[in-house]
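The exercises that follow ask you to read a structure step by step, keeping the solution covered until you have tried each task.

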Amino acid sequence: MVDRVNADLLAAPAQLLPAREQMALTLMFHIVFVPFGIALPTMMLIANYKGLKRNDTVALTLARRWSHAAGLTFAVGAASGTVLSFEMGLLWPGLTGRFGEVFGLPFAIEGVLFFLEAILVAIYIYGWRRLKPWTHFWLGLPIPFVAIGGAFSIISANAWMNMPAGFTIDANGQVTNVDPIAAIFNDALPYEFAHFLVAAYMAAAFTVASIYVVGWLKGRRDRYHRLGILIPLTIATVLVPVQFVVGDLTAVAVFKDQPAKFAAMEVVTESGTHQPEVLFGRYDSATNTVVGGVSIPGLNSWLAGGSVDTYVPGLDQVPPENRPSNVTIVHWAFDIMVGIGTLLMLLSLWFGIAYWRKRDVPDNRVFLWFAASAGVLTYIAVEAGWIVTEVGRQPWIVYNIMRTEEAVTNTDAGTLWISFSLIALLYLTLAIGTITVLRAMSRRWRQSDQTDDDLAVYGPRPAVADSEVTP
Amino acid sequence: MNTAIAVAGVMMLALTLYACTGIADYGAGFWDLTAGGRDRGRLPRSLIDNAVTPVWEANHVWLIYVLVVCWTGFGSTFASVMSTLYIPLALALLGIVLRAAGFAMSKDAARARMRHLAGWLFGIGSFLTPFCLGTAVGAVLTGRIPVGNAAGDEITSWLNPSSILVGLLTVAIGAYVSAVYLLAEAHRHGTAALHGYFRLRARAAGVAGLLLGIGVLIALYADERQMADRVVQRGWPLLLLSLALLAGSFWLATGVRVWLMRLVAAGGIAALVWAWAVAQYPYLLPFSLTVQDGAADPATLRWLLIWFVAALVLVVPALTLLFWLDQRGELGEDPATSRPEPVEPEPVETETIR
Ligand code: HDD
Ligand code: HEM
Ligand code: HEM
């Protein structure tokens, strides 16, 4: 896999590789916190509402704890997002310097929406103790919508890199006729946004459910855990089939819009009809062939165009210097994403049928183990999906317009390697720290559950507050 | 007014707000770092923690907004600054992540040792970030950023007397405003023991800032005469205003006028920031790129302004609500989910600490 893939990197400036590695690392880190930022507020508000309506302290406890976890992930997400904003200039001055005026506006929109979200989240988290219950709920209600708006804008910026729109390039190579609104509503936006939003809700929901399933497996079969499983798992179960359809539409759209990416993710080497669906295998860029893998005749053509006679252009039609630099990675990432999607489909069918029959968490160990791993699986799918999008776009940073090496900074490669190593180290500690803190949090909560079972979630008002502090 | 200048004004406004809030947070971190041993520092630390917590992220979004407006409205300036100043800006970033790590961990870390480490990370980040951001401002001010991809000198652009002094000045500014804010907080919480503590520190940081400001001017004279002249000739009313407000805050600190004192201190910083803006005008990058030449397409500028107005309508009420609830004491750490420890500094201790 190493021999020829980096051929275009050898010709490229030395700083390109560390810059790409750093961008990839920081983005893949940031995206871990994003689904929580988008979807956890929805779940906590559902629990909050249930709790208030039915006077259910267990649901309120869940809501309260989820909001606290959301606060922590939000803080780390914000810091890692700040890193990304800097990197748009530190690493890719060629991109922001030239095209900032075209695709920058959604970032400005996002900035404000995240600001709004940060404010509302702060009010919600720090308001549990003293705000009136319903006031508190209503103040929290806008959070999911603001979060979705933020995701919309940022995905729009990414979709623009895939399907650039809203400008023309004149004879001197200058960017003119800028229309930032046309850039926001580019062709890739609808499918990327729909697909990502569903993915974010799935990732957060499955992860939360997984955590309580682990507790359930350890024998903590109380109402607290039951609710903690049922609320998120129901959300996720409804979304998986939706995602199957949306993912399919996305693939068909990529087939039309970005044929080179499609050819890479399905390793289509020779153009033609009756294309087989190749599962895994290894792409050899020297000979443009695939070694190994399982081949299903005709399926790829059928998926792309609804019939085996669909003509699918292959990598042979892409000049070698314009082929994605690492086809094998893109292809594996795609297969992993779809594979996990299929597994999750089985899981939600299982849960759906079992819940419909017994109205409870299914009491089957295989199911429980499966559900316990669903959170991690979904996250792997999310990361894999982004690898398809981003690595599959290479060597373009703006599809068919600007190559990544034209955008990279001229800063010395040595400096970049140092900053990359430092960031990698720091993120490792940050990740360990976050996990440690989240675990300490859950341990503390468990202890407090044993000492006072029905702790009053709202209030007590300041007058009695002291009695509540006792651990 | 033309759109390019309006957008530049919006950017400066966000930068001003960042200087008065975000930089102040770093100042609070600085006082946290220097508060001394665990026992001695307990009371001031708990006040700092309590003051910073609820509004923590909100204060830092201003910086992000500045960056984003800069690359959308003035892309080539953004690219030139970020690429030439890779090192200080990457270090500032490091500081931001360190702080976040420290902050997040100190909130919930169970073990004392880890919380101690978290405090250190928080403190180091609190110094590194304002210092590096300040040197970057110094590099722009002294005209060391040419247009282009890493076209300037990666080292001397920010490691020179003027830029270093601006960096230190930024740290001092943060320390000063935050000490004033913390004095007000101490008053609000009735922690009389901390009055003298933060009053002393506010004054010390204020004097340090004044001396560093004078130092910056002297260095600028030796370094980039033309800019020094502009700062003095155009900026003098603002500089005087800043000085007067500094003195005013010293005076108000004696009687602790909670709101007025904070406004006056923030106003002094704002005047200083605008003295910089006025001196540089009409240049984005002195003396090679003007606001007009560096600006984005008019359509983009127009949308940035429209969105700015929309943003005001969205954010101002929310922010007002946050500060209002916070000041009324409606917001606080949630004892049922946070680490069990006294959330607020114990009220009224009689002995005074220094
Ligand atoms: C919960 C996670 C998840 C699941 C189960 C799937 N995906 Fe996905 N996929 C993502 C999470 C994701 C993602 C992380 O959200 C991406 C990255 C960029 C984006 O917009 O969505 C993505 C990107 C992405 C792309 C690239 C889009 C582009 O480059 O513009 C395609 C073609 C697909 N997906 C297709 C599928 C198909 C056919 C699936 C099978 C059912 C599927 N995805 C399941
Ligand atoms: C709005 C969202 C995003 C924007 C604007 C964006 C932008 C960029 C830019 C500018 C690069 C460097 C140039 C290039 O390689 O094309 C890049 C690369 C990359 N990004 Fe994204 N990205 C976004 C979302 C994501 C997310 C969420 C992930 C992962 C979870 C991701 C994964 C990657 C990877 C792996 C690379 C390296 C590709 C390579 O070098 O082969 N991106 N992205
Ligand atoms: C180059 C790409 C990206 C940049 C520059 C970026 C920038 C940022 C910034 C600056 C923040 C902090 C804002 C604040 O706290 O107010 C943030 C947080 C966030 N970002 Fe990103 N981001 C990028 C990619 C993405 C992607 C692909 C998504 C997916 C939709 C995303 C979704 C979020 C969310 C939901 C938050 C809120 C914080 C949280 O919940 O963790 N970002 N981002």
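A residue counts as buried when its relative accessible area is under 20%, with a 1.4 Å probe and protein chains only. Keep in mind throughout that this is a predicted model.

**Exercise 1.** Describe chain B by its buried share, its secondary structure, its contacts and its surface.

Solution. Applying the cut-off of under 20%, one finds that buried residues account for 60% of the 354 residues in chain B. Turning to secondary structure, chain B contains 13 helices and two strands. Next, take the contacts in chain B between residues at least 6 apart in sequence: of these, 81% connect residues at least 24 apart. Finally, the exposed area of chain B is about 13500 Å², of which carbon and sulfur atoms contribute 70%.

**Exercise 2.** Which protein donors do the iron atoms of ligand 2 and ligand 3 have, and where do these residues lie?

Solution. For the iron atom of ligand 2, the single protein donor is A:Glu390, through OE at 2.2 Å, and A:Glu390 is placed in helix H14 of chain A, residues 365–393. For the iron atom of ligand 3, the single protein donor is NE2 of A:His30, 2.1 Å away, and A:His30 belongs to helix H2 of chain A, which covers residues 16–54.

**Exercise 3.** Where in chain A is pLDDT below 50?

Solution. Begin with the whole of chain A, whose mean pLDDT is 85, with 93% of its residues at 70 or more. Residues 1–10 of chain A, however, have pLDDT below 50, and this stretch makes 12 contacts beyond near neighbours in sequence. Residues 451–471 of chain A also stay under 50, with 39 contacts beyond four places in sequence. Where pLDDT is low, the predicted coordinates should not be read in detail.

Notes. Residues are numbered from 1 along each chain as its sequence is written. Chains are lettered from A and ligands numbered from 1 in the order in which they are written. This is a predicted model: local features need pLDDT of at least 70, side-chain atom pairs count only at pLDDT 80 or more; totals for chains, interfaces and linings use all residues. Side-chain values use heavy atoms; hydrogens and water are left out. Donors are N, O and S atoms within 2.8 Å of the metal (3.2 Å for Na, K and Ca); water is not among the atoms, so sites may look incomplete. Helices (H or I, at least four residues) and strands (E, at least two) are DSSP runs, numbered from the N terminus. Buried means under 20% relative accessible area, exposed over 50%, partly exposed in between (1.4 Å probe, protein chains only). Contact means heavy atoms within 4.5 Å. Accessible areas come from the Shrake-Rupley method with a 1.4 Å probe; for residues, only the protein chains shown count as cover. pLDDT is the predictor's confidence in each residue, from 0 to 100.
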